[in-house]
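Thanks for coming. I will go through one model today, starting with the overall make-up and then moving to particular contacts. Please have the sequence and the structure open.

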Amino acid sequence: MIRLDKICIWTFITCFALMMWSGSLVKWIDELCCYTLLLTGFLDCLINHRWRAYLPLWLLLGIMTVYVVYSTFKGFNTLPYIMMDAIISLKPFVPFMVILAIKPQLNITERQIIKVLAVINVLEALVLLFMPITREYTLNIHIMFIGTTCMVAAMTYFYCSTDDKGHVARHHLAVVLTMIAIGLACTRAKYYAETVLALFLFLLYKPNMFKGVKPQYWVLSLVVIAAVVAVSWNKFSYYFITGNSETFDPTVAESFARPVLYATGGLILIDHFPLGSGLASFASYPSSVNYSSLYHEYGISKIYGLSEAMPDFICDAFYPLLAQFGIVGIALFIIYLVWAVKQVKSLSGIDAGRFRALMAVALMVICFLLVESVASTVPMQSWGMLAMMLMAFVASEPHAVIIENNKKSLYNERQFTSA
């Protein structure tokens, strides 16, 4: 008999095992995992008639279909590349929704396997740190992915080390902190910000800590915000305030292309209100492969890294890409993130002890994706997909608690009956 829950689990394990190499040697692994989970969802509907459980997925596919039709009429790119962009855009969301519908439960052995793979991923990243020439020129792995690998590994290890009461043993917590510390070697400002947030969520976070008048928690929150701003201010200032006027680094060409993408993305949101410029039109991979006419329209086709002859930095940040979906798309993206977090919050009324650690993981996944999106397209790559799959496992925990409680109730009833 085919176990659909085991397909979900081993799909995650396979993608997680190849995470470090998903940007170079096995670029196809995230697409393969996404298609596998989508097929698993369809099988669940056909065999078990669980169509209603996948209502969020059908809604997502319906919305994307509307955007495909809309993009075809906008005419900034051709249908094959519009379809390519639609498929790429679905990658972070489809696995989350399928896993959330099936609600697989990791057993002790599977958790141990994942924890071992997390350590292996970080060790691979550590080895690559000392092989810069091989990493950059032979394997084509950007040093940024050292940090993303370590952070995803740390979040996953933390989740798999959480016991039924929501506790993480000190030696496991030490492993998590070591993984995060190794990732600091990527020297990315966004990773420094993620580190501050991870330390807060994994070490200090408490549910409902900001409800009521508790000055110490508000002071703590201000300290965390100040630390995040301090470690990432230079890049934030460049992208959103000063532009290229003061901080342009001629040795890093994307330091000019990204602010241009942000500024142009803002204009597109205004000019193409409310649905945006359409798929494969701006700041996406398909728009660079088959050069979008929108770049000529906004006069940025001559900029280094954004030109038709050299489009290397077009697909370089996630937030500008949202201009393709307009104000409506941005609103839907925010609604999706809020909805995803609420799936975890349902555990608070069932098992408050386990809720703290799981909510910390869920919030860290959101923080990770939001921070990475400033200067990368990680949400559309295997790292982002794995983070969302991890969150789906976390959001499935209420189902596990309900099953445990039902078993206990049944056992108590039998004991009472036999007595």
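How many helices and how many strands are there in the chain? There are 20 helices and 0 strands. Keep in mind throughout that this is a predicted model.

Some totals before the details. The chain has 419 residues, and buried residues make up 53% of them. Taking the contacts between residues at least 6 apart in sequence, 75% join residues at least 24 apart.

Now the core. The largest nonpolar core holds 132 residues, and the members that touch the most others in it are Met155 and Phe202. As a general point, nonpolar side chains in soluble globular proteins tend to be buried together. Beyond its neighbours within four places in sequence, Phe202 is in contact with Met155, Phe158, Val176, Ile180, Arg356, Ala360, Val361 and Met364. So the list for Phe202 includes Met155.

Met155 turns up again from another side. Leu390 sits in helix α19. Is Leu390 buried or exposed? Leu390 has a relative accessible area of 1%, so it is buried. With neighbours within four places in sequence set aside, its contacts are Phe12, Met155, Thr156, Tyr159, Val361 and Val365. Leu390 and Met155 are 235 residues apart along the chain, and their C-alpha atoms are separated by 8.4 Å. Val361 is in contact with Leu390, and Val361 is also in contact with Phe202.

Staying with α19, look at its packing against α2. Two packed helices are described by the angle between their axes and the distance between the axes. Here α2 covers residues 29–48 and α19 covers residues 382–395; the angle is about 35 degrees and the axes are 10 Å apart. The crossing of α2 past α19 is left-handed. On the α2 side the contact is made by Asp30, Cys33, Cys34 and Leu37, and on the α19 side by Ser382, Met385 and Met389. By class, the residues of this contact are 5 nonpolar, 1 polar and 1 charged. On the spacing of such positions, an α-helix has 3.6 residues a turn, so residues three or four places apart point the same way.

Next, helix α5, residues 94–102. How many of its residues are buried? The count is 9 of 9, and the helix is mostly covered. The buried residues include Phe96, Met97 and Ile102. What do they pack against? The partners are α1, α2, α3, α4, α17 and α19. Just after α5 comes Lys103, which takes a positive phi of about 55 degrees.

One contact at this end of α5 involves α1. Asp5 is in helix α1, and its relative accessibility is 16%, so Asp5 counts as buried. Not counting residues up to four places away in sequence, Asp5 touches Ile102 and Pro104.

That leaves the charged pairs. Side chains of opposite charge can pair when their charged atoms come close. The count of salt bridges is 8, and I will show three of them.

The first for today is Lys6 with Glu110, where the closest N and O atoms are 2.7 Å apart. Lys6 lies in α1 and Glu110 in α6, residues 108–129, so the pair ties together parts that are 104 residues apart in sequence. Glu110 is buried, at a relative accessible area of 4%.

Then there is Lys91 with Glu31, at 3.3 Å from N to O. Lys91 is in the loop between α4 and α5, Glu31 is in helix α2, and 60 residues separate them in the sequence. Which of the two is buried? Lys91 counts as buried, at 6% relative accessibility, while Glu31, at 24% relative accessible area, is partly exposed. The cut-off that matters here is 20%, because buried means under that value.

The third on my list is Asp316 with Arg258, with the closest N and O atoms 2.5 Å apart. Asp316 is in the loop between α15 and α16, and Arg258 is in helix α13, residues 254–271; they are 58 residues apart. Both Asp316 and Arg258 are buried.

Finally, a return to α2. Asp30, Glu31 and Lys91 are joined into one network by salt bridges that share partners. Asp30 is also one of the α2 residues in the contact with α19.

Terms used: Residues numbered from 1 in each chain as written. Predicted model: local features only at pLDDT ≥ 70, side-chain atom pairs only at ≥ 80, totals over all residues. Heavy atoms only, no water. Axes fitted to C-alpha atoms, helices over the stretch in contact; angles between N-to-C directions. Helix = DSSP H or I, 4+ residues; strand = E, 2+ residues; numbered from the N terminus. Left-handed = near helix turned anticlockwise from the far one by under 90°. Contact = heavy atoms within 4.5 Å. Nonpolar A, V, L, I, M, F, W, Y, C, P; charged D, E, K, R; others polar. Buried < 20%, exposed > 50% of the residue type's maximum accessible area, 1.4 Å probe, protein only. Salt bridge = Lys/Arg side-chain N within 4 Å of Asp/Glu carboxyl O. Core = buried A, V, L, I, M, F, W, Y, C linked by side-chain atoms within 4.5 Å.
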